[in-house]
Amino acid sequence: MTDDLVRILDGNTFVVSDGRGDIEASATDPTGFFSFDTRFLSRWVLTVDGERLTSLSTDDLHYFEARFFLVPGTGTVYVDANLTVIRQRVVEGGFREQLTLLNHDEHEVELTVRLEADSDFADLFEVKDALQKKGTTASQVEDGRLVLAYQRETFLRTTTISSTEPADVDEQGLTFTVRIEPHGSWTTELRIVPTLLGPDGLPLVPRPARGAPPLRNMLQDLDEWIARAPQLVTDDDSLSATYRRSLVDLAALRFSPIIAGSRSLPAAGLPWFMTMFGRDSILTSLQTLPFESDLAATTLRVLGTWQGTRVDDFRDEDPGRILHEMRYGEMTAFEERPHSPYFGSADATPLFVVLLDEYERWTGDADLVRALEQEARAALRWIDTYANLQGNGYVAYQRRNVETGLENQCWKDSWDSISYHDGRLPGFPRATCELQGYAYDAKRRAARLARQFWNDPAYADELDADAAALKARFNRDFWVEDGQYFALALDADGAQVDVLSSNIGHLLWSGIVDDDKAPAIAGHLLGPRLFSGWGVRTLAEGEARYNPIGYHVGTVWPFDNSFIAWGLRRYGFKAEAARIAAGILEAAQFFDGRLPEAFGGYERELTRFPVQYPTACSPQAWSTGAPLLLLRTMLGLEPMDGHLMVDPAVPMGIGRIELLDIPGRWGRIDAFGRGLVDVGREA
């Protein structure tokens with residue numbers, strides 16, 4: 001169930017090609033060589049004696065390395081082909097490609113090898129929205145290298161291509177005249193280096209080394225990354241494969257913003273979101289805390305540094321607000337997009353406080369909690385002031401940048417994701433239900449931090465009282481009595497947006513649901529309207545806008561389901577949580593262990609496999625984190641008062657689960673899928 005595109009990546013630098021290794025990108029096609037939101041190669045086509053090649057196989061060696069085995073010709077491939085072409089590429093900052101030709105004939109051969117190269121220097125927003133370029137491109141030969149360039153006023157980007165073997169370089173590519181002895185070989189290495197220059201002519205980001213990237217260091221880093229993670233022991237081979245794939249993809253998605261130095265946080269997903277996202281980085285960090293806590297620490301530090309300080313309508317910025325998205329491309333530079341950074345999300349700010357508390361519970365890192373006290377307080381003030389658009393104490397959103405800002409500023413941020421039962425779209429402001437849960441959870445958690453670390457018990461009491469009042473008000477105003485579920489949102493008039501949606505599962509995770517209402521919520525989540533058999537749909541079947549392949553109106557999102565399962569577990573619905581975990585993990589088998597951003601919400605009985613969503617990001621950070629949170633949920637791993645509780649609920653069919661060497665404030669401990677264990681604190 002995978003497409004024929006080949007992806008390699010390292011942070012926000014990535015290459016997407018076809019199965020031959022070729023790149024032939026159209027204006028709206030997200031293939032090519034990208035770095036910092038710019039496409040530096042839109043054409044990269046290999047021919048031998050004027051012929052395109054046919055792929056025999058492709059090896060996805062590591063997330064940053066791939067190898068293509070090819071033979072000349074685009075027609076029928078014969079087993080007696082006398083020439084093999086191998087393309088091996090590695091990405092790190094720039095990318096390099098080693099090209100090897102093997103002559104299987106008993107005679108010497110002379111070949112013309114050609115690599116055509118070009119770049120449109122498209123901003124990712126231009127690709128996504130099919131927009132035209134405004135600057136000018138140029139191509140020239142300098143000292144045996146091909147230099148592709150783009151300039152718009154003082155905005156300059158270049159791509160420099162060189163080879164280790166002599167080539168005839170022209171403005172459209174490189175040509176090699178190759179002689180290979182009988183049963184001999186020929187090799188050259190091509191280096192593609194992107195450069196981003198500011199108005200002063202200095203690089204905006206460090207230029208990649210001119211020599212070969214340190215592949216050995218990248219391999220060592222990956223080995224160390226996997227070795228630091230807990231070891232999973234299970235009888236289920238597919239679960240083991242999914243777990244390893246998640247760890248490797250998390251390594252691939254690590255992104256180091258300029259202000260973070262060598263520290264990294266999760267980029268959101270390939271191809272559209274290979275950058276810092278407030279919501280996505282926070283939720284992925286929450287999912288992965290028991291496995292790799294450094295991602296959470298960096299996420300908190302960087303988001304705290306970029307926290308809003310002023311009222312800026314263009315960027316939807318407010319004091320205390322946590323950013324939504326940071327971009328580095330041309331459209332951001334010319335303020336044709338507000339992402340420098342853009343603050344248009346209503347959930348990242350309370351989730352920032354949630355992550356800060358959860359991080360301390362796992363790691364015991366009181367220093368970071370104290371260091372970010374003012375940022376956390378500012379986030380809480382934002383909840384009570386700037387987010388209270390209707391004056392009723394609920395977090396709501398309405399964009400102020402009406403041209404390029406996001407209409408929907410919750411996680412379901414597509415245009416039609418928030419609707420009434422009859423399909424109508426409500427006006428603004430909109431107060432979606434999960435935002436209230438996040439705000440409640442943030443206040444409860446911040447109360448703990450205020451008591452234990454900020455030496456402010458009065459503030460803690462105030463936060464607890466505010467949270468209790470919010471919970472009571474919420475359970476009254478959002479409850480749809482006839483349907484026995486919570487409305488998706490309140491509209492601008494305070495009326496219920498009355499569809500049944502997956503958002504109600506996030507309410508369980510946050511703890512805002514009254515205990516007597518929780519059984520009805522669990523019943524809906526596992527009922528036939530929401531649960532497809534593979535997972536919980538974003539919108540219930542029977543709602544007017546329900547579409548099993550609609551982005552937020554009927555598809556199944558693995559990340560969404562991981563938090564729903566966690567919420568069910570919080571309220572004691574262990575069997576229901578295990579059922580969701582089993583469905584999502586079984587679906588992962590059909591995606592080679594790599595869960596996509598979303599897949600179709602069709603009833604499981606209709607298909608033998610989960611149906612792909614056509615434009616889903618893959619890998620995507622919070623989908624990569626979903627199996628990890630599901631493992632935590634199945635094992636019942638929860639930090640409580642400085643102790644780690646282990647209360648397993650493993651789905652039938654998975655069998656034994658053991659998670660060994662879990663890092664945290666307790667030292668490194670083991671959790672077994674049997675019995676209740678309190679490991680206590682390490683002495």
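# Helices and sheets in a predicted model

The axes of helix α5 (residues 294–305) and helix α7 (residues 348–363) cross at roughly 140° and come within 10 Å. The structure shown is a predicted model. An angle over 145 degrees would count as roughly antiparallel, and one of 65 to 115 degrees as roughly perpendicular; α5 and α7 are therefore oblique to each other. The crossing in which α5 passes α7 is left-handed. On the α5 side, the residues that meet α7 are Ala296, Ala297, Thr299, Leu300, Leu303 and Gly304. On the α7 side, they are Phe352, Leu355, Leu356 and Tyr359. Sorted by class, the contact of α5 with α7 has eight nonpolar residues, two polar ones and no charged ones.

A second helix pair consists of α4 (residues 278–288) and α17 (residues 626–635). Their axes are 8 Å apart, and the two helices pack at an angle of about 40°. Angles under 35 degrees count as roughly parallel, and α4 and α17 are therefore oblique to each other. Here too the crossing has a hand: α4 passes α17 in a left-handed crossing. From α4, the contact takes in Leu286, Gln287 and Thr288, while α17 supplies Ala626, Leu628, Leu629 and Arg632. The residues of this contact of α4 with α17 divide into four nonpolar, two polar and one charged.

How many residues of α17 are buried? The count is 10 of the 10, so α17 is largely enclosed by the rest of the structure. The buried residues of α17 include Pro627, Leu630, Leu631, Thr633, Met634 and Leu635. Arg632, which takes part in the contact with α4, is also among the buried residues of α17. Just after this helix comes Gly636, with a positive phi of about 65°.

Helix α4 also has a sheet beside it. It packs on an open sheet of three strands, touching β20 and β21. The direction of α4 makes about 120° with that of β20. The strands of this sheet follow the order β19-β20-β21, and their pairing is antiparallel. β19 (254–255) and β21 (273–276) are the edge strands, each of which pairs on one side only. Strand β20 (residues 265–269) is joined to β21 by two bridges, and these strands run antiparallel. Within β21, Met276 is the bridge partner of Ala267.

Residues of this region also come into view from the loop between β1 (6–10) and β2 (13–17), where Asn12 is found. Is Asn12 buried or exposed? A residue counts as buried if its relative accessible area is under 20%; Asn12 has 5% and is buried. Apart from neighbours within four places in sequence, Asn12 is in contact with Phe34, Ser35, Phe36, Phe255 and Met274.

Another open sheet has eight strands, in the order β7-β8-β9-β10-β17-β14-β13-β12 and with antiparallel pairing. Which strands stand at its edges? They are β7 (53–62) and β12 (136–142); each has a single partner strand, so one side of each is left without a neighbour in the sheet. On average, neighbouring strands of this sheet are turned by 15° against each other, with direction ignored.

The β12 end of this order can be followed strand by strand. Seven bridges join β12 to β13, and the two run antiparallel. Opposite Val141 stands Leu146 in β13. Strand β13 (residues 145–152) is in turn joined to β14 by seven bridges, again with the strands running antiparallel. Arg152 stands opposite Phe155 in β14. β13 and β14 form a hairpin with two residues between the strands, and in this hairpin Glu153 takes a positive phi near 55°.

Strand β14 (residues 155–163) is mostly covered, as seven of its nine residues are buried. It is joined by eight bridges to strand β17 (residues 185–197), and β14 and β17 run antiparallel. One pairing between them places Ser162 with Arg191, its bridge partner in β17. In a regular strand the side chains alternate between the two faces of the sheet.

Conventions. Residues are numbered from 1 along each chain as its sequence is written. This is a predicted model: local features need pLDDT of at least 70, side-chain atom pairs count only at pLDDT 80 or more; totals for chains, interfaces and linings use all residues. Side-chain values use heavy atoms; hydrogens and water are left out. Axes are lines fitted to C-alpha atoms, for helices over the stretch in contact, and angles run from 0 to 180 degrees between N-to-C directions. Helices (H or I, at least four residues) and strands (E, at least two) are DSSP runs, numbered from the N terminus. A crossing is left-handed if the near helix is turned anticlockwise from the far one by less than a right angle, and right-handed if clockwise. Contact means heavy atoms within 4.5 Å. Ala, Val, Leu, Ile, Met, Phe, Trp, Tyr, Cys and Pro count as nonpolar, Asp, Glu, Lys and Arg as charged, and the others, Gly among them, as polar. Buried means under 20% relative accessible area, exposed over 50%, partly exposed in between (1.4 Å probe, protein chains only). Two strands pair if DSSP finds at least two bridges between them.
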